[in-house]
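Colleague: I have a few questions about how the words used for this model are justified. Please set each value against its cut-off.

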Amino acid sequence: MSIDTQITGDQILRVGPVNPAVAAILADEFQTAILPAADERDAWLAENGADIRVAVCSGKIGIDTELMKKLPNLEAIINFGVGYDATDVSQATERNIPLSNTPDVLTDCVADTALGLYLDTLRGLSSAERFVRAGTWASGQNFRLATRASGRKVGILGLGRIGQAIADRLEGFGCEIHYHSRNQKDGVAYQYHGSAAELAEATEVLIVAAAGGPESAGLVNAEVIKAVGPNGFIINIARGSVIDEPALVKALQEGHIAGAGLDVFAKEPQVPAELLELENVVLLPHLGSGTVETRADMTELTINNLRSYLKDRTLVTPIS
Ligand code: 8YV
């Protein structure tokens, strides 16, 4: 491919704070523009928006509908994170703007987080730790009995790379794996269910690993939550938007499900206040991929996508 013009730093826009290592490379190596804070944004975009050809963003703050409209000459979007639901993918597709994400490099860490939440939620580990710290054990009381985590029937909602890595780990715990995905997977021996409700009905723990975005919004609705049942648990390491959060809070408060382990929420970093009161809920601050090693790998892949686009207008890991 012949590259007619070079893309310069002032034609690359950093959107949102992004990962600190990514931000440092964007500043030092590329001298990119940075989208200003809300009060100065419109004026800045009116003056500079048409110059921007590449945008670098994250799963947290993407290129939303309005921002993308104000970047009329945008050619490519580079997203830090495997999830890109904060970006208006349908507008990008319509405008033929390719988008890259950071798959694979974070699969193990996110799956590890899911297993941590699974064990913690069923066995009540965080709650037990608070029990020790509060001096309740020392005062002579025993901690409540929890739920056995090994050998359970587990439903994976979304058997993509991360869902499969979670299943691999749960096999080591002797669990029977079931799944629901948009399509049944060839060569997968786990039992497939045609809907999220059927999956929840057939299993004891529902692990949400489906990609976020308009297609999965509210997939785990009140009916699915009801099907999880009073002895069942929900674990979510995907996106808060996949679950009807008010319905989940209600079910937890009223004992319609036994507990939940949540790394993601509908309006992060806000966590529904009602959940903070419950001992059968484990709450994490969206740390699924948050290890030194994985964030370094995500940084490298993000920057490699940018370098590749600048060099020959290809992306290393375009979304598929
Ligand atoms: C990131 C994530 O922390 O990759 C994802 O989709 O949710 C996390 O790994 C997040 O996207 C960074 O903004």
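Colleague: What makes the pair between G59 and the ligand a polar contact?

Modeller: This is a predicted model, so the distance is a computed one. A backbone N or O atom of G59 lies 3.5 Å from an oxygen atom of the ligand. A polar contact is a pair of N or O atoms within 3.5 Å, so the pair counts.

Colleague: What distances do the side chains of H286 and R295 give?

Modeller: For H286, an N or O atom in the side chain is 2.7 Å from an oxygen atom of the ligand. For R295, the corresponding distance to an oxygen atom of the ligand is 3.0 Å. The cut-off is 3.5 Å, so both pairs are polar contacts. Taken alone, the ligand exposes 330 Å², and the protein buries 90% of that.

Colleague: How many residues surround the ligand, and which are the closest?

Modeller: There are 13 residues around the ligand, and the closest are V82, G83, R239, H286 and S289.

Colleague: Why is N101 called buried?

Modeller: The relative accessible area of N101 is 5%. Buried means under 20%, so N101 is buried.

Colleague: Where is N101, and what does its side chain reach?

Modeller: N101 is found in the loop between β5 and α5. Its side chain reaches the backbone oxygen of V82 at 2.9 Å. Leaving aside neighbours within four places in sequence, N101 is in contact with several residues, including N79, G81, Y84, L301 and N305.

Colleague: How do you know that β6 and β7 pair?

Modeller: Strand β6 (residues 153–157) and strand β7 (residues 176–180) are joined by 5 bridges, in the parallel sense. Two strands pair if there are at least two bridges between them, so β6 and β7 pair. Among the bridge partners, G155 is matched with H178 in β7, and L157 with H180.

Colleague: What makes β8 and β12 edge strands?

Modeller: Their sheet is open and has 7 strands in the order β8-β7-β6-β9-β10-β11-β12, with parallel pairing. β8 (191–192) and β12 (281–283) each have a single partner strand, so one side of each is left without a neighbour in the sheet.

Colleague: Why is β6 called mostly covered?

Modeller: In β6, 4 of the 5 residues are buried. Helix α7 (residues 161–171) lies across β6, β7 and β9 (205–208), and runs at about 170° to β6. In α7 the residues I162, G163, A165, I166, A167 and L170 are buried. What covers these buried residues includes α5 (107–123), β6, β7 and β9.

Colleague: How do you know that β1 and β3 pair?

Modeller: Strand β1 (residues 12–14) and strand β3 (residues 54–58) run parallel and are joined by 3 bridges. The requirement is at least two, so β1 and β3 pair. One of the bridges matches L13 with A55 in β3. Helix α1 (residues 20–30) lies across β1, β3 and β4 (76–80), at about 150° to β1.

Colleague: Which strands stand at the edges of the sheet that holds β1 and β3?

Modeller: That open sheet of 5 strands has the order β2-β1-β3-β4-β5, with parallel pairing. β2 (33–34) and β5 (99–100) stand at the edges, each with a single partner strand, so one side of each has no neighbour in the sheet.

Terms used:
Residues numbered from 1 in each chain as written. Predicted model: local features only at pLDDT ≥ 70, side-chain atom pairs only at ≥ 80, totals over all residues. Heavy atoms only, no water. Contact = heavy atoms within 4.5 Å. Axes fitted to C-alpha atoms, helices over the stretch in contact; angles between N-to-C directions. Buried < 20%, exposed > 50% of the residue type's maximum accessible area, 1.4 Å probe, protein only. Near = heavy atom within 4 Å. Polar contact = N/O pair within 3.5 Å; in protein donor to acceptor, adjacent residues only side chain to side chain. Areas by Shrake-Rupley, 256 points an atom, 1.4 Å probe, with all protein chains shown as cover.
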